[in-house]
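Good morning, colleagues. Please look at the structure as it appears, and I shall then take you through its pocket, its cores and a few chosen residues.

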Amino acid sequence: MLKKLFVADLYLKVRKNKFEIKNLTENGTWKIATPAQPFTTDRLLVGQFSAAEPVLKELVKGAMPSGFMKKSAQMLIHPIDMIEGGLCEVEKRIFTELGLGAGAFKVKLHVGEGLTDKEAKELLARS
C-alpha cells in the first residue's frame, strides 16, 4: 500500500529511434518520443547512447505524476526491434544504464512477446 505512495511503475518499449512509455501506476496512456538525432545504429538498437539518454529523461519526466510528493520510478524496459538471438551483455548494460540515467531506481529487462499492463506490473513486483 505504501509503495503506491512513493513508487511509479513505468513500462518502456524501445523501438528503432523511438521510445514509448506508460505509467502503469497511474493507468496512464502511452507517451511517445522520437529524437531529433537517431540513436539506433546498423548493429545496435541503442548505439548512440548520448542521443538516447536525454530523450528518455524527458519522456520519464513527462510520464511521472506531478504533485506534492515526488515519486521514484521503477522501470520495465522492453526492447522490441533488433533482438534476434536475445540481448548480449553489452546491450543489457546499455538498457540498464539508460533506465538508471533517466531516473529509475530499479530497472528490469524483458525480451519476448508484448505484455499486458498486469503482466508488466507483475514482472516489476518480482525482486
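Let me begin with the largest pocket. Two elements, α2 (49-63) and β4 (72-79), each contribute at least two residues to its lining. Please keep in mind that this is a predicted model. The space in the largest pocket comes to about 210 Å³. Its lining consists of 13 residues, and those nearest the centre are Lys61, Met64, Lys70, Lys71 and Ser72. Sorted by class, the lining of the largest pocket holds six nonpolar, four polar and three charged residues.

I turn now to the interior. The largest nonpolar core is made up of 29 residues, and the ones with the most contacts inside this core are Leu10, Leu12, Val14, Phe19, Val46 and Val60. At least two residues of this core come from each of β1 (7-15), β2 (18-23), α2, β4, α3 (89-101) and β5 (104-109). The largest share is that of α2, with seven residues. There is also a second, separate core; it has seven residues, among them Tyr11, Leu24, Ala120 and Leu124.

Leucine 12 deserves a closer look. Which residues does leucine 12 touch, if those up to four places away in sequence are not counted? They are Phe19, Glu20, Ile21, Leu56, Leu59, Met75, Leu76, Ile77 and His78.

One of those partners, glutamate 20, is my next subject. Glutamate 20 sits in strand β2. Is glutamate 20 buried or exposed? Its relative accessibility is 9%, and because buried means under 20%, glutamate 20 counts as buried. The side chain of glutamate 20 forms a polar contact, at 2.8 Å, with the side chain of arginine 15. With neighbours within four places in sequence left aside, the contacts of glutamate 20 are Tyr11, Leu12, Lys13, Arg15, Trp30, Lys31, Ile32 and Leu59. Glutamate 20 is thus in contact with Leu12 of the largest core and also with Tyr11 of the second core.

Finally, let us consider alanine 36. This residue lies in the loop between β3 (31-33) and α2. Alanine 36 has a relative accessibility of 89% and therefore counts as exposed. How far apart are the C-alpha atoms of alanine 36 and alanine 120? The separation is 29 Å, for two residues that stand 84 residues apart along the chain. Alanine 120, as mentioned, belongs to the second core.

Thank you for your attention.

How values were computed: Residues numbered from 1 in each chain as written. Predicted model: local features only at pLDDT ≥ 70, side-chain atom pairs only at ≥ 80, totals over all residues. Heavy atoms only, no water. 1 Å grid on protein atoms, 1.4 Å probe; cavity = no way out; pocket = protein on both sides within 12 Å on 5 of 7 lines; lining within 4 Å. Points joined across faces, edges and corners; volume = space filled by probe spheres on them. Helix = DSSP H or I, 4+ residues; strand = E, 2+ residues; numbered from the N terminus. Nonpolar A, V, L, I, M, F, W, Y, C, P; charged D, E, K, R; others polar. Core = buried A, V, L, I, M, F, W, Y, C linked by side-chain atoms within 4.5 Å. Buried < 20%, exposed > 50% of the residue type's maximum accessible area, 1.4 Å probe, protein only. Contact = heavy atoms within 4.5 Å. Polar contact = N/O pair within 3.5 Å; in protein donor to acceptor, adjacent residues only side chain to side chain.
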